[in-house]
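Q: I have a structure open and should like to go through some of its helices and loops. Could we start with how two of the helices pack?

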Amino acid sequence: MTRLHVVSAATRPTSSGRPLARWVVDEARAHGAFEVTPVDLLEIALPFLDEPEYASTGNYAHAHTREWSALVDSADAFVFVLPMYNGSFTAPFKNAIDFLYREWQGKPVGLVSYSAGATGGAPAAEMLLPVLTRLGMLPAGRSVAVPGINALVGAEGFAPTEGLAGELAGVFEDIAALAKEPAAA
C-alpha cells in the first residue's frame, strides 16, 4: 500500500488550512489506496535552513533535519495542502522543501491549494510546480483549488463545496497511478 503523507504547509496557528488538511486525510483514508500520515509543518517547527552542507549531500548536522529527513523519506507520495499568501506559496513551506533533496526524488505529489479569495490559491500551486519538478517529484496531473476557505471552516471543521470530494478523488487516482510507475519505485 502506498504510504501517503498529507502535509499541512501552513505555519500560522490559526490557519484555515488545518481543517482542510484533516478533511484531505479523511478522504485519502476513505479512498483505500493509501496508508495515510498527517504532517503539520507548524508542529515540525523547522528553523530557517541552518545546515552547513548542501541538502544534496545528505549529510545533516542537526537532529531536526535528520528527523525531517526520516519523516519525508518514509513516504511514497505526498499531498501538499498549501495556502496562498501574496500570490505565492509561503517561505516556511519552501524552507521545509529546501532542507532536503534526495528524500523528495521520484515521489508523486498532489496539490490542494486554498485562499480566502476567488483563486483558491491556484497561483501558489502553479508557482510551486517548477520547484517540485526540479526536485524530481512527479506532480499529479490534477490539482484542487479551494476558494473562499474562511466560509468553509467552522466549529465542525471543513465543509467541502459540492463536487470537491470528486476533484480530490481525481488527485488521489493520479497519485496512485504515478506510484505504480517504475520510475516512482
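A: Certainly. This is a predicted model. In it, helix 1 and helix 7 make a right-handed crossing.

Q: At what angle do the axes of helix 1 and helix 7 cross, and within what distance do they come?

A: The axes of helix 1, residues 17-31, and helix 7, residues 164-180, cross at roughly 60° and come within 10 Å. In general, a packed pair of helices is described by the angle and the distance between the two axes.

Q: Which residues of helix 1 and helix 7 meet?

A: From helix 1 the residues are Trp23, Val24, Glu27, Ala28 and His31. On the side of helix 7 they are Leu164, Ala165, Leu168, Phe172 and Glu173. Sorted by class, this contact has seven nonpolar residues, two charged and one polar.

Q: Which residues of helix 1 are buried?

A: The buried residues are Gly17, Arg18, Pro19, Leu20, Ala21, Trp23, Val24, Val25 and Ala28. Trp23, Val24 and Ala28 are among the residues that meet helix 7.

Q: How far does helix 1 reach, and what follows it?

A: Helix 1 has 15 residues and spans 21 Å from its first C-alpha to its last, close to the expected 21 Å. Gly32 follows helix 1 and has a positive phi, near 95°.

Q: Turning to helix 5, where does its kink lie?

A: The kink is at Leu128, shortly before Pro130, and amounts to about 30°. Helix 5 covers residues 122-134, and its 13 residues reach 19 Å between the first and last C-alpha, close to the 18 Å expected.

Q: Is Pro130 itself buried or partly exposed?

A: Pro130 has a relative accessible area of 48%, so it counts as partly exposed. Its C-alpha is 20 Å from that of Ala10, with the two positions 120 residues apart along the chain.

Q: Which residues of helix 5 are buried, and what do they pack against?

A: Ala124, Ala125, Leu128, Val131 and Leu132 are buried. The buried residues of helix 5 pack against strand 3, helix 4 and strand 4, the last being residues 108-114. As a general point, an α-helix has 3.6 residues a turn, so residues three or four places apart point the same way.

Q: What comes just after helix 5?

A: Gly136 does, with a positive phi of about 90°.

Q: Which residues other than glycine have a positive phi?

A: Ala45 and Asn86 are two examples, with phi near 50° in Ala45 and near 50° in Asn86. Most residues other than glycine have a negative phi.

Q: Where are Ala45 and Asn86 placed?

A: Ala45 is in the loop that joins helix 2 (41-44) to helix 3 (63-73). Asn86 is in the loop between strand 3 (77-83) and helix 4 (91-98).

Q: Why do Ala45 and Asn86 count as exposed?

A: The cut-off for exposed is over 50% relative accessible area. Ala45 counts as exposed because its relative accessibility is 53%. Asn86 is exposed because its relative accessible area is 85%.

Q: One last residue: what is Leu42 in contact with, sequence neighbours aside?

A: Beyond its neighbours within four places in sequence, Leu42 is in contact with Ala10, Thr11, Arg12, Pro13 and Arg18. Leu42 is found in helix 2, and at 33% relative accessibility Leu42 counts as partly exposed.

Q: How far apart are Leu42 and Thr90?

A: Leu42 and Thr90 are 48 residues apart in sequence, and their C-alpha atoms are 13 Å apart in space.

Key. Residues are numbered from 1 along each chain as its sequence is written. This is a predicted model: local features need pLDDT of at least 70, side-chain atom pairs count only at pLDDT 80 or more; totals for chains, interfaces and linings use all residues. Side-chain values use heavy atoms; hydrogens and water are left out. Axes are lines fitted to C-alpha atoms, for helices over the stretch in contact, and angles run from 0 to 180 degrees between N-to-C directions. Helices (H or I, at least four residues) and strands (E, at least two) are DSSP runs, numbered from the N terminus. A crossing is left-handed if the near helix is turned anticlockwise from the far one by less than a right angle, and right-handed if clockwise. Contact means heavy atoms within 4.5 Å. Ala, Val, Leu, Ile, Met, Phe, Trp, Tyr, Cys and Pro count as nonpolar, Asp, Glu, Lys and Arg as charged, and the others, Gly among them, as polar. Buried means under 20% relative accessible area, exposed over 50%, partly exposed in between (1.4 Å probe, protein chains only). The expected span of a helix is 1.5 Å times one less than its number of residues. The bend at a residue is the angle between axes fitted to the seven residues ending there and the seven starting there.
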